[in-house]
Amino acid sequence: MIHVVYNFAVGPMVWLAFTICITGLAYRLIRYRRKAVAAKKGLPGDFRTTWAVRSMLYYLLPLNRTAKSSPWSTVAGFALHIPLLVVAFFLSAHVIMLEQSWGVAWPTIPDVWADVLTIIALAALGFLALKRLLHPALRGLTEPKDLLVLLLVALPLLTGLAAHRQWGDYPLMLTLHVLSANILLMLIPFTKLSHMALFFVSRAATGSDFGKRQVGAW
Ligand code: HEM
């Protein structure tokens with residue numbers, strides 16, 4: 001039975017997950033653009049590209065004000081994102097699957113690095129969840145869905161690590177890993193995880209507006 005679920009999860013479900021993720025994010029970007037154009041109707045087109053780019057760079061480097069006021073959250077943000085993206089794109093098991101289906105491949109990281117990076121990402125998610133639960137101001141702003149998003153990101157990491165370290169039943173862990181990764185991909189456009197595309201456009205708009213007001217683009 002588990003093999004049937006696994007074959008479905010690594011076959012048609014992967015295609016479905018990527019299709020929903022990519023078309024969903026494209027739709028969110030198009031809708032954002034439409035709303036931005038409607039909001040600017042009749043106003044002068046004075047988008048400040050330099051400020052927009054500066055604002056993005058200040059966030060990504062990170063030189064923004066939040067990085068100074070909440071250094072630990074910023075460290076956790078990077079400790080989550082860098083391992084997440086490195087493991088997703090450079091884990092040998094992922095690259096091998098891609099090579100088998102599409103014939104494309106690139107260099108991979110040693111598996112032991114992937115374990116360490118996954119543990120770092122899980123620790124960062126734990127920190128972000130605890131901060132949401134314990135910090136008085138943040139707790140007031142936190143809804144159950146904010147914690148669910150953190151869990152959604154944690155599940156493929158946890159099950160991937162368990163499968164690789166052979167904790168528990170290997171076929172079950174691997175199947176849960178692929179299923180949870182597919183579900184994560186499918187939910188990205190419909191949750192705040194859509195920030196992976198919307199961050200760039202919304203930060204650009206905010207940076208441009210702040211630049212016009214001469215208050216700093218970050
Ligand atoms: C180009 C890609 C991405 C960019 C530019 C980006 C940017 C950001 C920024 C600026 C934040 C807020 C500050 C922080 O906590 O660091 C954030 C938070 C977060 N991001 Fe991303 N991100 C990207 C991709 C992803 C992906 C692929 C995932 C997971 C699938 C993800 C999951 C999260 C989570 C879980 C949070 C914390 C949310 C919270 O605490 O409520 N991000 N991201």
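With 13 C-beta neighbours inside 10 Å, Asp 169 counts as partly exposed, because a residue is exposed at 12 or fewer and buried at 20 or more. Asp 169 sits in the loop between helix 9 and helix 10. Its C-alpha atom lies 41 Å from that of Phe 200, a residue 31 places away along the chain. This is a predicted model, and the loop is a handy place to start reading it.

Gln 166 occupies the loop between helix 9 and helix 10 as well. How many C-beta neighbours does Gln 166 have inside 10 Å? The count is 9, so Gln 166 is exposed. Its backbone deserves a look too. Phi of Gln 166 is positive, near 60 degrees, and the residue is not a glycine. Most residues other than glycine have a negative phi. Gln 166 comes just after helix 9.

Now step back to the whole chain. There are 11 helices and zero strands. Of the 218 residues, 22% count as buried. The C-alpha atoms fill a box of roughly 60 × 35 × 35 Å along the principal axes. Among contacts with a separation of 6 or more, 71% join residues 24 or more positions apart.

Next, helix 9 itself. Helix 9 covers residues 144-164. Its 21 residues should span 30 Å at 1.5 Å a residue, and its end C-alpha atoms are 30 Å apart, which agrees. Where does helix 9 bend? The bend is at Ala 154, by about 30 degrees, and Pro 156 follows within four residues. Pro 156 is itself buried, and so are Val 153, Leu 157, Leu 158, Thr 159, Gly 160, Leu 161 and Ala 163. The cover over the buried residues of helix 9 includes helix 7 (111-134) and helix 10 (170-187).

Cross the loop to helix 10. Its 18 residues reach 26 Å from first C-alpha to last, close to the 26 Å expected at 1.5 Å a residue. The buried residues of helix 10 include Met 173, Leu 174, Thr 175, Leu 176, His 177 and Val 178. Further along helix 10, the buried residues include Leu 179, Ser 180, Ala 181, Asn 182, Leu 184 and Leu 185. What covers them includes helix 1 (2-10), helix 2 and helix 9.

The nonpolar core picks up this thread. The largest nonpolar core has 27 residues. Those touching the most other members are Leu 80, Ala 121, Ala 124, Leu 125, Val 178, Leu 184 and Leu 185. Two or more residues each come from helix 2 (12-39), helix 5 (71-90), helix 7, helix 9 and helix 10. Which helix gives the largest share of this core? Helix 10 does, with eight residues. Leu 185 shows how helix 10 connects to residues far back in the sequence. Leaving out residues up to four places away in sequence, Leu 185 touches Ala 17, Phe 18 and Cys 21.

Turn to the ligand. There are 14 residues around it. Gly 77, Leu 128, Val 153, Met 196 and Phe 199 come nearest. Helix 5, helix 9 and helix 11 each supply at least two residues of the shell. Helix 9 gives the most, four residues. Val 153 therefore ties two parts of the picture together, since Val 153 has 20 or more other C-beta atoms within 10 Å and is among the residues nearest the ligand.

Helix 11 is also part of that shell. It runs over residues 195-212 and has 18 residues. It reaches 24 Å from its first C-alpha to its last, close to the 26 Å expected at 1.5 Å a residue. Its buried residues are Arg 203, Gly 207, Ser 208 and Gly 211. Seen down the axis of helix 11, they fall within an arc of 130 degrees, so they line one face of the helix. The cover over these residues includes helix 3 (49-60). After helix 11 comes Gln 214, with a positive phi near 55 degrees.

One more backbone feature remains. A cis peptide bond joins Leu 61 and Pro 62, with omega about -10 degrees. Most peptide bonds are trans. Pro 62 lies in the loop between helix 3 and helix 4 (65-69).

Note on methods. Residues are numbered from 1 along each chain as its sequence is written. This is a predicted model: local features need pLDDT of at least 70, side-chain atom pairs count only at pLDDT 80 or more; totals for chains, interfaces and linings use all residues. The expected span of a helix is 1.5 Å times one less than its number of residues. The bend at a residue is the angle between axes fitted to the seven residues ending there and the seven starting there. Two residues are in contact if their C-beta atoms, placed from the backbone, lie within 7 Å. The arc is that of the directions from the helix axis to the C-beta atoms. A nonpolar core is a set of buried Ala, Val, Leu, Ile, Met, Phe, Trp, Tyr and Cys residues joined through C-beta atoms within 7 Å. A residue is near a molecule or strand if its C-beta atom, placed from the backbone, lies within 6 Å of it.
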